[in-house]
Structures are given as structure tokens and as C-alpha cells.
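Student: Please take a single part of this model and go through it closely. I would like its geometry, its burial and its surroundings in one connected account.

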Amino acid sequence: MLWLALFSPCSYVCWFRPVYKAFRSDSSFNFMLFFFLMGMQLLLSILQTIGFSGWGACGWMSAVLFYSTNVGAAVIMTFSAMMFTISTVVMLFCLFRVHQIYRGGEGSLQKAQDEWQRGLWRDPPSREDQINNFSGNSLPAYPTVPTYPSINRWP
């Protein structure tokens, strides 16, 4: 329950929002932020899937070793290890899929560094854009329109 209550809002802030902003504005910096944060979450998930004994994770190693102590608890730990495994695979698929789309849209680390140096990631909207938002146009104007490959291989 703690996992659900704590990490659901964190996932929204840490990886959903950056990838949404990256796709919306074609921002390499936001893509890099997403890749970094999702990579850290993936690394944590891999460690929990493995389940090193004494680390507090119910992964495969902990579950298998616990069968000699208590079979009922080991079955619950095995279910948890399966869920962590599924979560890790889905995160890995999501990371590769976003990377594939990012690279297809001509994104690069150099482009992200240029955005960082120019300060595009923190540039507030102009006064004219703010007035336009109140006059009916609710989407901000961006200098480029994102172009992503049309790969229709969603599962």
C-alpha cells in the first residue's frame, strides 16, 4: 500500500510529466530528463527483482531462499518477484520505445545540451503568448512542430 501511495504520484512527476512535455514541445532536454529518471527507476526495479537477501526486497533470490524457512511466505514473495519482473520488463520496453521515437525525430544529446545552454527549459512564455492563452488559444506556440516516425507497432 505504501508503494502504491508513494510511487504513483512520484511516477507522474518524475517520468510521465517529462515525457509528456518532451513530446509536446519536441524538447531534447525533457527527453534526457525522462531517460535519466526512468533509467534510475529501472535500476531500482532490477535490484528489487533480483531481491538481494537483507536489502528488504522480495525478489527472486529472497523468495527462493525463503522456501526452506516458510513456504507460505515464500509463495507470497514469489508473487511479488513476478510482479517486479513484469514491472521491469514493461519499464524496459517503455524506455526503448521512447528512445526509438526520440531518435527517429532526430533527437540527440548535443541538441539537449544546446537547449540547456540556451535556457529553453526555463524560458517563461512571452507576454504575447500569455495574452493569447487568455484570448482563446490554450496551447502555446512552439518554434518547431515535432516530427516522429509513423511506426504502428504498438502491442
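**A close look at helix α2**

Tutor: Helix α2 has 23 residues, which should span 33 Å at 1.5 Å a residue, and its end C-alpha atoms lie 32 Å apart, in agreement with that. The expected span is 1.5 Å times one less than the number of residues. Helices here are DSSP runs of H or I with at least four residues, strands are runs of E with at least two, and both are numbered from the N terminus. The model is predicted, so local features need pLDDT of at least 70 and side-chain atom pairs count only at pLDDT 80 or more, whereas totals for chains, interfaces and linings use all residues. Residues are numbered from 1 along each chain as its sequence is written, and side-chain values use heavy atoms, with hydrogens and water left out.

α2 covers residues 28-50. Its buried residues are S28, F29, N30, F31, F34, F35, M38, L42, S45, Q48 and T49. Buried means under 20% relative accessible area, exposed means over 50%, and partly exposed is in between, with a 1.4 Å probe and protein chains only. After the helix comes G51, with a positive phi near 75°.

N30 is a convenient place to start, as it belongs to α2. N30 counts as buried because its relative accessible area is 9%. Apart from neighbours within four places in sequence, N30 is in contact (heavy atoms within 4.5 Å) with P18, K21, A22 and S25.

Those partners lead to α1, which runs over residues 2-25. P18, A22 and S25 are among the buried residues of α1, as are S11 and V19. The buried residues of α1 pack against both α2 and α4, the latter being residues 71-104. α1 has 24 residues and reaches 34 Å from first to last C-alpha, close to the expected 34 Å. A kink of about 35° nevertheless lies at F16, shortly before P18; the bend is the angle between axes fitted to the seven residues ending at a position and the seven starting there. D26 follows α1 and has a positive phi, near 55°.

Further along α2 is G39. G39 is partly exposed, because its relative accessibility is 21%. Its C-alpha lies 9.8 Å from that of W15, although 24 residues separate the two along the chain.

α4 also contributes to the surface. W60, F79, M82, M83, I86 and V90 form a nonpolar surface patch of about 560 Å², and α4 supplies the largest share of this patch, 5 residues. Patch residues have over 30% relative accessible area and no salt bridge; like charges are joined within 9 Å and nonpolar side chains (Val, Leu, Ile, Met, Phe, Trp, Tyr) within 5 Å. A salt bridge is a side-chain nitrogen of Lys or Arg within 4 Å of a carboxyl oxygen of Asp or Glu. F79, in α4, is partly exposed at 48% relative accessible area. M83, in α4 too, is partly exposed at 40%. The C-alpha atoms of M83 and G59 are 9.3 Å apart, with their positions 24 residues apart in sequence.

As for the chain around α2, the secondary structure comes to 6 helices and 0 strands. Of its 155 residues, 26% are buried. Among contacts with a separation of 6 or more, 58% join residues 24 or more positions apart. The chain exposes about 10800 Å², with carbon and sulfur atoms supplying 68%. Accessible areas come from the Shrake-Rupley method with a 1.4 Å probe, and for residues only the protein chains shown count as cover.
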